[in-house]
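Student: Could you take me closely through the pockets of this model, beginning with the smaller of the two you would discuss and setting out what lines each of them?

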Amino acid sequence: MSWRVEPVGFFIFTSCLGYIAARRFFINEQQLTEFNKEMEDAMRIQSSILPQQMPRIEGLQIATRYLPMTAVAGDFYDFLIFDHRHLGVLVADVSGHGVPAALVASMVKVALASHAGSGSDSARVISGLNELLCKQLRGPLVTAAYLYLDMEKRTAQYCGAGHPPLLLWRQAIQRLYEFEENGLILGVRSNEDYSNIELDLEAGDRVLMYTDGIVEAGNASEEFFGEKRLKE
């Protein structure tokens with residue numbers, strides 16, 4: 001009776017392949033678990049840098065909505081509260097998605113806090129952010145808009161940097177105004193000049209600041225929500 005070695009060799013070979021495949025599977029599962037944990041930590045960190053409660057400003061109602069496309073993102077908003085009648089509002093959008101964009105958004109928050117002393121001058125705030133980002137960043141760009149509200153005088157001061165237009169709904173005459181004036185996107189030239197737009201506010205007016213995540217939101221047919229729907 002002859003004994004053939006080929007079946008035994010083939011069995012050993014396939015067993016080794018199965019062991020390698022199983023080992024890689026468990027390693028990949030472990031790495032995926034660790035990655036998911038890191039993403040959960042990143043989500044908690046990003047949530048912590050967003051305002052935890054709305055400012056209480058006399059004569060003003062504030063509403064916010066934050067819904068990132070991915071687990072963490074570069075969209076960001078924050079407030080500078082001066083007193084019960086004066087408020088600064090920043091909305092920013094870092095290019096890209098994920099953890100790198102979220103890290104830059106954290107930098108923007110720290111930079112905004114450092115410019116609280118000049119918070120009543122929107123152009124100075126945007127210029128200060130631009131100067132810092134030009135020094136610290138290599139690659140990601142940031143669009144931003146800053147609005148200073150003086151409810152004592154019922155005025156607002158606006159400055160943008162490559163950001164979607166500010167929308168103002170004038171309730172008294174049922175008319176929508178769009179302010180497209182913008183300086184250069186942040187992080188390109190440190191000596192860029194930015195200017196302010198002065199606005200008068202009336203009872204019933206609505207002001208909307210947003211990122212392009214709204215107008216570029218798509219439905220099942222891959223159709224953008226668009227600026228027209230947003231204005232309506």
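**The pockets and their linings**

Tutor: In this predicted model, the lining of the second largest pocket is made up of 7 nonpolar and 3 charged residues, with no polar ones. That pocket holds about 230 Å³ of space, and the residues that line the second largest pocket are L167, L168, W169, L176, R206, V207, L208, L230, K231 and E232. Strand 5, strand 8 and helix 5 (226-231) each give at least two residues to this lining.

The largest pocket has a volume of about 1600 Å³, and 44 residues line the largest pocket, with A63, R65, L208, M209 and Y210 lying nearest its centre. By kind, the lining of the largest pocket divides into 26 nonpolar, 9 polar and 9 charged residues. At least two residues of this lining come from each of strand 1, strand 2, strand 3, strand 8 (206-208) and helix 4 (212-215), and strand 2 supplies the largest share, 5 residues.

Strands 1, 2 and 3 are also among the elements that give two or more residues to the largest nonpolar core, to which strand 3 contributes the largest share, 7 residues. This core has 46 residues, and F76, L90, I126, Y146, L149 and L186 touch the most other members. Leaving aside neighbours within four places in sequence, L90 is in contact with F76, Y77, D78, V108, L112, L129, A144, A145 and Y146.

Key. Residues are numbered from 1 along each chain as its sequence is written. This is a predicted model: local features need pLDDT of at least 70, side-chain atom pairs count only at pLDDT 80 or more; totals for chains, interfaces and linings use all residues. Side-chain values use heavy atoms; hydrogens and water are left out. A nonpolar core is a set of buried Ala, Val, Leu, Ile, Met, Phe, Trp, Tyr and Cys residues joined through side-chain atoms within 4.5 Å. Buried means under 20% relative accessible area, exposed over 50%, partly exposed in between (1.4 Å probe, protein chains only). Helices (H or I, at least four residues) and strands (E, at least two) are DSSP runs, numbered from the N terminus. Contact means heavy atoms within 4.5 Å. On a 1 Å grid over the protein atoms alone, a cavity is a set of points where a 1.4 Å probe fits but cannot get out, and a pocket is an open set with protein on both sides within 12 Å along at least five of seven lines; lining residues have an atom within 4 Å of a point. Grid points are joined across faces, edges and corners, and a volume is the space filled by probe spheres set on the points. Ala, Val, Leu, Ile, Met, Phe, Trp, Tyr, Cys and Pro count as nonpolar, Asp, Glu, Lys and Arg as charged, and the others, Gly among them, as polar.
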